[in-house]
Amino acid sequence: MENNITVNDVDTDFLPLIHDIIKSSERENHEPQKSAQEITQKIQDLQKKIDQARSQIRKLPGVQYNSEQQLKAMDDLRQSLQMKRQLLLKYRHMYSFDVPKY
């Protein structure tokens, strides 16, 4: 079973975790021991989320190709599209033949 993942499926919402880490470090002045443990846990959570995002990104289709290969594939697809459009225009402007009735 192949995982079809899109860019929109990749979870890259790191800002709330970073915000929590900053807030926890600001609270460190009031409760140093508890806050240090809290910061450590939140940093580990952030690292897990970053690792998860990396894993999801590796599963994206086309990531295995370098930029030159991606650009060539895109150019090939554009040429194919242009050819198909030209064929559609050609066939659209062809005369329709009447079928004789017997």
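A helix here is a DSSP run of type H or I with at least four residues, and helices are numbered from the N terminus. On this basis, D76 and K72 both belong to helix 3, residues 67-92, where they stand four residues apart, about one turn of the helix. The model shown in the figures below is predicted.

**Figure 1. Overview of the predicted model, which has three helices and zero strands.**
Read from the N terminus, the order of elements is α-α-α. The protein comprises 102 residues, of which 13% are buried. Its exposed surface is about 9500 Å², and carbon and sulfur atoms supply 56% of that area. Of the contacts between residues at least 6 apart in sequence, 62% join residues at least 24 apart. Four salt bridges are found in a search of the whole structure. Three of the later views each show a salt bridge: E38 with K42, D51 with R54, and D76 with K72.

**Figure 2. Helix 1 and its two faces, one with buried residues and one turned away from them.**
Helix 1 covers residues 15-26, and its twelve residues should span 16 Å at 1.5 Å a residue; the C-alpha atoms at its ends are 17 Å apart, which agrees. The expected figure is obtained by multiplying 1.5 Å by one less than the number of residues. Buried positions in helix 1 are L17, I21 and S24. Viewed down the helix axis, these buried residues fall within an arc of 65°, so they line one face of helix 1. They pack against helix 2, residues 32-58. On the face turned away from the buried side are the exposed residues L15 and E26.

**Figure 3. L46, a residue of helix 2, with its contacts to F14, L17, I18 and I21.**
L46 has a relative accessibility of 14% and therefore counts as buried, because the term applies under 20%. Leaving aside residues up to four places away in sequence, L46 touches F14, L17, I18 and I21. Two of these partners, L17 and I21, are among the buried residues of helix 1. L46 and I21 are 25 residues apart along the chain, and their C-alpha atoms are separated by 9.0 Å.

**Figure 4. K42 in helix 2, with its contacts to D20, I21 and S24.**
When residues up to four places away in sequence are not counted, K42 touches D20, I21 and S24. With S24, the contact includes a polar one between the two side chains, at 3.5 Å. S24 is itself one of the buried residues of helix 1. The side chain of K42 also meets that of E38 in a salt bridge, with an N to O distance of 3.3 Å. Side chains of opposite charge can pair when their charged atoms come close. E38 and K42 are four residues apart in helix 2 and are therefore separated by about one helical turn. E38 counts as partly exposed because its relative accessibility is 22%.

**Figure 5. S25 in helix 1 and its surroundings.**
S25 has a relative accessibility of 32% and so counts as partly exposed. A polar atom of the S25 side chain lies 2.7 Å from the backbone oxygen of I22. The C-alpha atoms of S25 and I39 are separated by 6.7 Å, although these residues are 14 residues apart along the chain.

**Figure 6. The salt bridge between the side chains of D51 and R54.**
The N to O distance in this pair is 3.5 Å. Both residues are in helix 2, and because they are three residues apart, about one helical turn separates them. D51 is partly exposed, at 36% relative accessibility. R54 is also partly exposed, at 45% relative accessibility.

**Figure 7. The salt bridge between the side chains of D76 and K72.**
Here the N to O distance is 3.2 Å. This pair lies in helix 3, its members four residues apart, about one turn of the helix. D76 is partly exposed, with a relative accessible area of 37%. K72, by contrast, is exposed, with a relative accessible area of 53%; the term exposed applies over 50%.

Terms used:
Residues are numbered from 1 along each chain as its sequence is written. This is a predicted model: local features need pLDDT of at least 70, side-chain atom pairs count only at pLDDT 80 or more; totals for chains, interfaces and linings use all residues. Side-chain values use heavy atoms; hydrogens and water are left out. Buried means under 20% relative accessible area, exposed over 50%, partly exposed in between (1.4 Å probe, protein chains only). The arc is that of the directions from the helix axis to the C-beta atoms. Contact means heavy atoms within 4.5 Å. A polar contact is a pair of N or O atoms within 3.5 Å; within protein, one must be able to donate a hydrogen and the other to accept it, and residues adjacent in sequence count only if both atoms are side-chain atoms. Accessible areas come from the Shrake-Rupley method with a 1.4 Å probe; for residues, only the protein chains shown count as cover.
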